[in-house]
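Please find below my notes on the side-chain packing, internal space and cysteines of the model. They are set out as numbered points.

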Amino acid sequence: VFVALDNHAKRFIKYVPSFVKSFADSVPKFLFNILVFFRMAEFSWDIEKAGSFRSKVIWEEAKRRGIIMEQVIFRGKPLDQYRAMLNINGKDKYFYFESIPIRPEFSDMEKNWDDKVVMKKEFKKHGLPVPVFAEFTVFSLLRPKKLEKIFSKFKKPVIIKPRVGSRGRHTITNIHNFTHFRAGAGTAGRISFHLIAEEHLSGFVCRATVVNGKLSGFYRGSVPQIRGDGQKTIRRLIEKKNRGKIDRYHVRADDELFDYLKRSGWNMDDILPAGTSISLSHRRGQLFGGETREMIDELHPSFIPIFEKAAKLTSLPVVGFDAIIPDPEKHADSQTLGIIECNSLPFIDMHYFALEGKPRDIAGMIWDMWE
């Protein structure tokens with residue numbers, strides 16, 4: 001219900017008069033200052049309380065440029081809400097924003113691009129690569145035949161996700177049979193009535209970040225994997241993989257891992273045959289035991305027009321696209337790939353903290369848009 005209402009609201013916004021939009025933009029300033037007046041909130045200069053690494057790199061770049069930036073603290077709790085003293089229409093005034101300072105004239109979205117179904121339908125219409133997908137609701141669990149019909153249309157394995165948001169939570173991958181498909185719909189349905197099923201593309205999970213129409217960062221992440229030697233159990237191979245890594249980069253032996261292995265036909269005490277490699281999660285990156293690389297300079301140039309066309313279609317000045325790509329260093333036309341998500345508030349910090357590659361100053365590019 002909320003997904004449908006939000007999508008209608010996006011279409012309605014473009015018809016709203018400018019004075020109404022200006023009033024709406026002034027609401028955060030009014031609200032936060034009222035809270036400060038009643039001593040329920042305050043503005044902090046302490047950058048160490050930044051609500052995310054995304055916000056911290058924005059703040060660090062603001063300090064380097066001499067831009068005054070402060071964080072909202074509500075009843076002692078730091079929020080991922082900020083204000084910065086900026087020149088707007090020739091006047092210095094505070095601009096209020098969530099994490100990333102998007103100039104107000106670029107802040108409206110005519111479509112909800114964070115909606116995976118909206119994004120895939122529009123991108124497919126304009127010839128951009130997306131995986132095969134199907135939309136449905138959690139109520140399909142009450143109609144098993146309809147749900148089974150949806151499942152039957154896909155090559156296996158299949159993925160189920162909430163239609164909007166979740167950051168990988170409640171995403172179920174590596175689904176080979178209808179029993180797991182139905183269970184996955186139930187899991188994803190815990191946070192969203194509206195769901196999406198997709199074909200399971202093979203390759204790296206990559207993040208392409210476009211700033212002001214230009215592809216500005218390209219991050220390649222891999223899921224954690226192990227390779228069998230014919231002697232050690234999966235449990236022992238995971239312990240070996242974790243050895244020498246700091247705790248926050250460990251593969252976690254938890255229920256999510258056990259379920260993932262089960263859907264692949266394995267359990268922790270199985271001995272992995274020599275030369276056999278398996279993944280341990282659908283989550284990619286160093287926080288989940290995988291590898292990461294910032295590699296825009298190595299990216300095959302055939303990908304640049306794909307992501308810049310996608311950004312132009314969204315009209316978003318700062319946007320991140322998640323894509324599955326087998327080999328980003330080879331021509332796009334030579335492989336099966338797909339854009340799987342669009343992020344209107346992307347985590348730009350991943351372009352700074354990859355395990356390999358040269359960091360990209362995405363925050364600097366964002367602040368440049370204010371000059």
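**Notes on the model**

1. Cys206 is buried, with a relative accessible area of 1%; buried here means under 20% relative accessible area, exposed over 50%, and partly exposed in between, for a 1.4 Å probe and protein chains only. Cys342, at 4% relative accessibility, also counts as buried.

2. On the basis of these notes: this is a predicted model, in which local features need pLDDT of at least 70 and side-chain atom pairs count only at pLDDT 80 or more, while totals for chains, interfaces and linings use all residues. Residues are numbered from 1 along each chain as its sequence is written, and side-chain values use heavy atoms, with hydrogens and water left out.

3. The structure holds 0 disulfides, a disulfide being a pair of cysteine sulfur atoms within 2.5 Å. Cys206 is in no disulfide, and its nearest cysteine sulfur, that of Cys342, is 16 Å away. Seen from Cys342, the closest cysteine sulfur is in Cys206, and 16 Å is too far for a bond.

4. Over the whole structure, 16 aromatic pairs are found. Rings of Phe, Tyr and Trp (its six-membered ring) pair if their centres lie within 6.5 Å; planes under 30 degrees apart count as stacked, over 60 as edge-to-face and the rest as tilted. Phe218 and Phe307 form a tilted pair, with 6.2 Å centre to centre and 50° between the planes. Phe218 belongs to strand E10 (residues 214–221) and Phe307 to helix H9 (residues 304–314), so the pair ties together parts that are 89 residues apart in sequence. Helices (H or I, at least four residues) and strands (E, at least two) are DSSP runs, numbered from the N terminus. Phe218 is buried at 0% relative accessibility, and Phe307 is buried at 2%.

5. One aromatic cluster is formed by Trp59, Tyr82, Phe95, Phe97 and Trp370. Trp370 also helps to line the largest cavity, together with Pro101, Ile102, Arg103, Pro317, Val318, Ile366 and Met369.

6. The structure holds 1 cavity of 30 Å³ or more, and the largest has a volume of about 40 Å³. A cavity is a set of points on a 1 Å grid over the protein atoms alone where a 1.4 Å probe fits but cannot get out; lining residues have an atom within 4 Å of a point. Its lining has 7 nonpolar, no polar and 1 charged residues. Ala, Val, Leu, Ile, Met, Phe, Trp, Tyr, Cys and Pro count as nonpolar, Asp, Glu, Lys and Arg as charged, and the others, Gly among them, as polar. Grid points are joined across faces, edges and corners, and a volume is the space filled by probe spheres set on the points.

Terms used:
1 Å grid on protein atoms, 1.4 Å probe; cavity = no way out; pocket = protein on both sides within 12 Å on 5 of 7 lines; lining within 4 Å.
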